[in-house]
Amino acid sequence: MDDSEMMAMILAAFREESAELLIGAERCLGAIGDGSEEARRELARILHTLKGAASASGQAETTARVHAWEEALDELGETGPADPRALDAAYRRLEDLQARIRGELGDPGAAGSRSGGRAAEQAV
């Protein structure tokens with residue numbers, strides 16, 4: 001197996017894992033909107049995992065964007081329903097990551113297919 005084949009395998013694994021993680025992040029955002037503290041912890045775990053996977057697969061810009069989202073998690077608050085503006089910003093970050101991953105690696109399947117409607121709802 002040559003280097004290009006190895007990188008293709010790594011990127012395919014990242015694409016698959018990121019699709020699942022972004023779906024989980026979207027679910028967490030919905031629960032955070034309802035005040036779930038557990039969802040806040042789960043979102044932090046998901047983002048940390050996604051950041052590591054992006055880094056391991058050489059996706060430096062995606063790694064940086066996920067890290068920035070991790071740093072901004074406090075905006076959602078620690079308890080109770082999240083501030084609608086902070087939640088809207090989190091959905092925009094999610095959509096940005098979905099688009100970036102699709103752009104870098106091709107469409108990762110389900111990622112990106114659901115949050116557009118939710119983010120639009122948040123903006124209304």
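Begin with the whole protein chain shown as a surface: in this predicted model, the chain exposes about 6500 Å², and carbon and sulfur atoms supply 51% of that area. Buried residues, for their part, make up 40% of the 124 residues in the chain.

Now switch from the surface to a cartoon and follow the chain along its sequence. You should find five helices and zero strands, so that the pattern reads α-α-α-α-α. Contacts between distant positions deserve attention here, for among the contacts with a separation of 6 or more, 71% are between residues that stand 24 or more positions apart.

**Helix 1 and its surface patch**

Select residues 3-33, which form helix 1, a helix of 31 residues. From its first C-alpha to its last, helix 1 reaches 44 Å, and this is close to the 45 Å expected at 1.5 Å a residue. Move just past the end of helix 1 and click on G35, where the backbone takes a positive phi of about 100°.

Then go back to the beginning of the chain and select M1, M6, M7, M9 and I10, which form a nonpolar patch on the surface with about 490 Å² of accessible area together. One of these residues, M6, lies in helix 1. Is M6 buried or partly exposed? Its relative accessibility is 40%, and M6 therefore counts as partly exposed, since that class runs between the 20% limit for buried and the 50% limit for exposed.

**The nonpolar core**

Next, hide the surface and look inside, where the largest nonpolar core has 26 residues. Select L29, I32, L43, W69 and L76, because these are the members that touch the most other members of the core. Which helices supply this core? Helix 1, helix 2 (37-56), helix 3 (60-71) and helix 4 (84-105) each supply at least two of its residues.

Keep L43 selected and display its neighbours: leaving aside residues up to four places away in sequence, L43 touches A25, C28, L29, I32, W69, L73 and L76.

**Two places on helices 2 and 3**

From the core, move to E38, which has its place in helix 2 and is partly exposed, with a relative accessible area of 47%. If you draw a distance from the C-alpha atom of E38 to that of T79, the viewer should give 9.7 Å, although the two residues are 41 residues apart along the chain.

Select A64 in helix 3 as well, a residue that counts as partly exposed at 41% relative accessibility. A64 and K51 are 13 residues apart in sequence, and their C-alpha atoms are 7.9 Å apart in space.

**Salt bridges**

Side chains of opposite charge can pair when their charged atoms come close. A search of the whole structure finds seven salt bridges, and the tour now visits some of them.

Show the side chains of E70 and K51, which form a salt bridge whose closest N and O atoms are 2.7 Å apart. This pair links distant parts of the chain, with E70 in helix 3 and K51 in helix 2, 19 residues apart. E70 counts as buried, its relative accessibility being 18%, a value under the 20% limit.

Continue to R65 and D96, another salt bridge, in which the closest N and O atoms are 2.6 Å apart. Because R65 lies in helix 3 and D96 in helix 4, the pair ties together parts that are 31 residues apart in sequence. Both partners can be checked for exposure: R65 is partly exposed, with a relative accessible area of 28%, and D96 is partly exposed too, at 30%.

Finally, select D88 and R92, where the closest N and O atoms of the salt bridge are 2.3 Å apart. Why are D88 and R92 separated by about one helical turn? The reason is that they are four residues apart in helix 4, and an α-helix has 3.6 residues a turn, so residues three or four places apart point the same way. D88 counts as buried at 14% relative accessibility, whereas R92 is partly exposed, with a relative accessible area of 45%. As a last selection, add E61 to R65 and D96, since salt bridges that share partners join these residues into one network.

Terms used
Residues numbered from 1 in each chain as written. Predicted model: local features only at pLDDT ≥ 70, side-chain atom pairs only at ≥ 80, totals over all residues. Heavy atoms only, no water. Expected span 1.5 Å × (residues − 1). Core = buried A, V, L, I, M, F, W, Y, C linked by side-chain atoms within 4.5 Å. Buried < 20%, exposed > 50% of the residue type's maximum accessible area, 1.4 Å probe, protein only. Contact = heavy atoms within 4.5 Å. Areas by Shrake-Rupley, 256 points an atom, 1.4 Å probe, with all protein chains shown as cover. Patch = residues over 30% accessible without salt bridge, like charges linked within 9 Å, V, L, I, M, F, W, Y side chains within 5 Å. Salt bridge = Lys/Arg side-chain N within 4 Å of Asp/Glu carboxyl O.
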